[in-house]
Amino acid sequence: MPDTQEVLGFDINGVIIENLRLGKLVLPGDRFPRTKPVQGAFQGLAELKQRGSRIVVISMCKPGQVWLARRCLGAFRFYERTGIPFEDVHYCSGHGSKEPKCRELGVTRFVDDKFGVLSTLPDVPCRYLFQGRQREIEKYPNHADALKTIRRVESWRDLLVDLLR
């Protein structure tokens, strides 16, 4: 059972919802039906929440597109299906912007699908690379050293096994 003092942080794109390129949307809701939750994400978040975990969502999003991201989550009934309240979903903008938000919220574990983002969170004690792409990882100098402190997981099932220990 997770420690209730821990704060679990999750990215949206690529971890909770399949990668959604908000900048390419023409009409609100136009492509939401073609995008779907990552398999096991909503159920996994709901299980963590039911077990008493403190969960926050921290996602990078251009300020003018936050409303689209919120609309996408609403279209999937994210809040109802996971039990995560609206106020625990946070948006930030720009490289390195998740680090101050994680610090402010006391995040102790963070899950992202981008190695580059996780490499900017050295003060988060436990970081998870979700379905990390080797080509992206290898772009970073000293990636082998960084991977020693980042856990790789390929599915929500794998992630839950680790988080629920």
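## Cysteines

In this predicted model, Cys126 has a relative accessibility of 9% and therefore counts as buried, the cut-off being under 20%. Cys92, at 10% relative accessibility, also counts as buried because it falls under that cut-off.

The structure contains zero disulfides. Cys92 takes part in none, and the nearest cysteine sulfur, which belongs to Cys102, lies 8.0 Å away. A disulfide requires a pair of cysteine sulfur atoms within 2.5 Å, so Cys92 and Cys102 do not form one.

## Fold and burial

Eight helices and six strands make up the secondary structure elements of the protein. Read from the N terminus, their order is β-α-β-α-α-β-α-β-α-β-α-α-β-α.

Of the 165 residues in the protein, 50% are buried. Among contacts between residues at least 6 apart in sequence, 64% connect residues at least 24 apart.

## Packing of H1 and H8

Helix H1 spans residues 41-50 and helix H8 spans residues 156-163. Their axes are 10 Å apart and make an angle of about 15 degrees. Because angles under 35 degrees count as roughly parallel, H1 and H8 are assigned to that class. The crossing of H1 with H8 is right-handed.

On the H1 side, the contact involves Ala41, Gly44, Leu45, Glu47 and Leu48; on the H8 side, Trp156, Leu160 and Leu163. By class, the residues in this contact are six nonpolar, one polar and one charged. Gly44 is the polar residue and Glu47 the charged one.

How values were computed
Residues numbered from 1 in each chain as written. Predicted model: local features only at pLDDT ≥ 70, side-chain atom pairs only at ≥ 80, totals over all residues. Heavy atoms only, no water. Buried < 20%, exposed > 50% of the residue type's maximum accessible area, 1.4 Å probe, protein only. Axes fitted to C-alpha atoms, helices over the stretch in contact; angles between N-to-C directions. Helix = DSSP H or I, 4+ residues; strand = E, 2+ residues; numbered from the N terminus. Parallel < 35°, antiparallel > 145°, perpendicular 65-115°, else oblique. Left-handed = near helix turned anticlockwise from the far one by under 90°. Contact = heavy atoms within 4.5 Å.
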